[in-house]
Amino acid sequence: MKCNSGKINTWQRALIDTVTKPKELLELLNLDMSLLPAAEKAATLFPLKVPRNFIARMEKGNPCDPLLLQVLPIHAELQEVPGYTSDPLQEASFNPIPGLLHKYHGRVLMTLASACGINCRYCFRRFFPYEENNPGSMGWQKALNYIEKDSSIAEVILSGGDPLMATDQTINSIKDSLATFPHIKRLRIHSRMPIVLPDRITPELIAAITHPKLKTILVVHCNHPRELNTDIRKAMQQLSQAGVTLLNQSVLLKGINDDANTLIELSEALFDAGIQPYYLHALDKVQGAAHFDLAHQQALQLHEKISAHLSGYLVPKLVYEQPGASGKMPVKA
Ligand SMILES: *Cc1c(COP(=O)(O)O)cnc(C)c1O
Ligand code: SF4
């Protein structure tokens, strides 16, 4: 029997099939089961979630694989470290209405979806109250009314969670509304999905994020050159042909990309894939992620090294977020 209702796409199927059990992840990668108790314990604080497609890019038998370290819950997450809190950005206080963050001039951020395609252990949103903050499809009207009334807003940023967890229809209808507001010039999407699940980029999605009256910018999130593969390069080509500007933001992570050669290779590989390096973020001081953090002094030294080796346009800006600031702050000595 064939049913058309409830038709699901390849990417939705891949999400359903995502690995969420630490034991399965360790088995798939032939890793030592001695890692399991800590992984299971840390996963109770923030669940393990990683698409098989991303696991396929990890090296089997290597517990220090830079992709694995971004997703494997470990014992260090359980330690409370002074200065690392559950809401490092104090975002709770910048919510004019649920689902909308208006912190910076000219731009608003809509938290479009509550979940992500992957759970990154270093994420500053590991404690963010997504569920309360997600108005759902009916609630978007309030956010759109706010945007319509404020003509100082030129750019709307779809964020999350991961905004590309939303359906093409949701994204398309929000875009169509935004396109009717004369002051909105740009639609920007911040998503890690194109990297962890490149199947998400379909002709339907490209149609949903583009509009003749808007410039579309897609900011992907890639931390290590080994994350990039042929599927991603193909997807980026399709986006680029549709006129979408492609940028990348990375998070500087101890043990993963905190050496100059990796960062240089990352910038080169991104540009080869048609993606312009944009930001290199110093870690937000979220509880459970202290083991990924680097002192600003070390971050600066790394940034100086890569700046000396790369063409200017391949050097991402080294920034951090300070609650209450009117934009991302450059890391300074
Ligand atoms: C990061 C961020 C932006 C975008 O900042 P850009 O410097 O323009 O990339 C906008 N709003 C909020 C709330 C943000 O956190
Ligand atoms: S994809 Fe982005 S928002 Fe989602 S868990 Fe990873 S870092 Fe956080």
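Helices (at least four residues) and strands (at least two) are taken here as DSSP runs, numbered from the N terminus. With that in hand, Gly161 can be placed in the loop between E3 and H7. The model is a predicted one, and this loop glycine is a handy way into it. Gly161 is joined to Gly160 by a cis peptide bond, with omega at about 15°. Gly161 also turns up in the surroundings of ligand 2, together with Cys116, Ile118, Cys120, Tyr122, Cys123, Arg192 and His221. Sorted by class, that shell comes out as five nonpolar residues, two polar ones and one charged.

Where does ligand 2 sit? The space it takes up is the largest pocket. This pocket has a volume of about 1000 Å³, and 50 residues line it. Gly161 shows up once more, since Phe124, Arg125, Ser159, Gly161 and Gln249 are the lining residues that lie nearest the centre of the pocket. The lining as a whole splits into 26 nonpolar, 12 polar and 12 charged residues. Domain 1 (12-78) and domain 2 (91-330) each put in at least three residues. A run of strands takes part too: E1 (100-104), E2 (107-111), E3 (155-159), E4 (186-191), E5 (215-221), E6 (245-251), E7 (276-281) and E8 (317-320) each give at least two residues to the lining of the largest pocket.

Those strands belong to an open sheet of nine, running in the order E1-E2-E3-E4-E5-E6-E7-E8-E9 with mixed pairing. E1 and strand E9 (329-330) are the edge strands; each has a single partner, so one side of each is left without a neighbour in the sheet. Elsewhere in the sheet, E5 and E6 run in the parallel sense and are paired over five bridges. Across from Leu246 of E6 stands Leu218.

E6 also has a part in what lies inside the protein. Searching the whole structure turns up two cavities of 30 Å³ or more, and the largest of them has a volume of about 70 Å³. Its lining consists of Asn248, Ser250, Leu263, Leu266, Ser267, Leu270, Pro277, Tyr279, Leu280, Ile306 and Pro316. At least two of these residues come from each of E6, helix H11 (260-272) and E7. H11 provides the largest share, with four residues. The class count for this cavity lining is eight nonpolar, three polar and no charged residues.

The second largest pocket has a volume of about 200 Å³. What lines it? The list is Lys7, Ile8, Asn9, Trp11, Gln12, Thr167, Asp168, Gln169, Arg200, Thr202 and Glu204. Helix H1 (10-16) and helix H7 (168-179) each contribute at least two residues to this lining. H7 is also the helix at one end of the loop that holds Gly161, with E3 at the other. By class, the lining of the second largest pocket has two nonpolar residues, five polar ones and four charged ones.

One more local feature of the backbone is worth a mention. Asn30 has a phi near 50°, a positive value in a residue other than glycine. Asn30 is located in the loop between helix H2 (22-28) and helix H3 (36-43).

Key. Residues numbered from 1 in each chain as written. Chains lettered and ligands numbered in written order. Predicted model: local features only at pLDDT ≥ 70, side-chain atom pairs only at ≥ 80, totals over all residues. Heavy atoms only, no water. Near = heavy atom within 4 Å. 1 Å grid on protein atoms, 1.4 Å probe; cavity = no way out; pocket = protein on both sides within 12 Å on 5 of 7 lines; lining within 4 Å. Sits in = over half its atoms within 2 Å of the grid points. Nonpolar A, V, L, I, M, F, W, Y, C, P; charged D, E, K, R; others polar. Points joined across faces, edges and corners; volume = space filled by probe spheres on them. Domains from an automatic or database assignment. Pairing = 2+ DSSP bridges.
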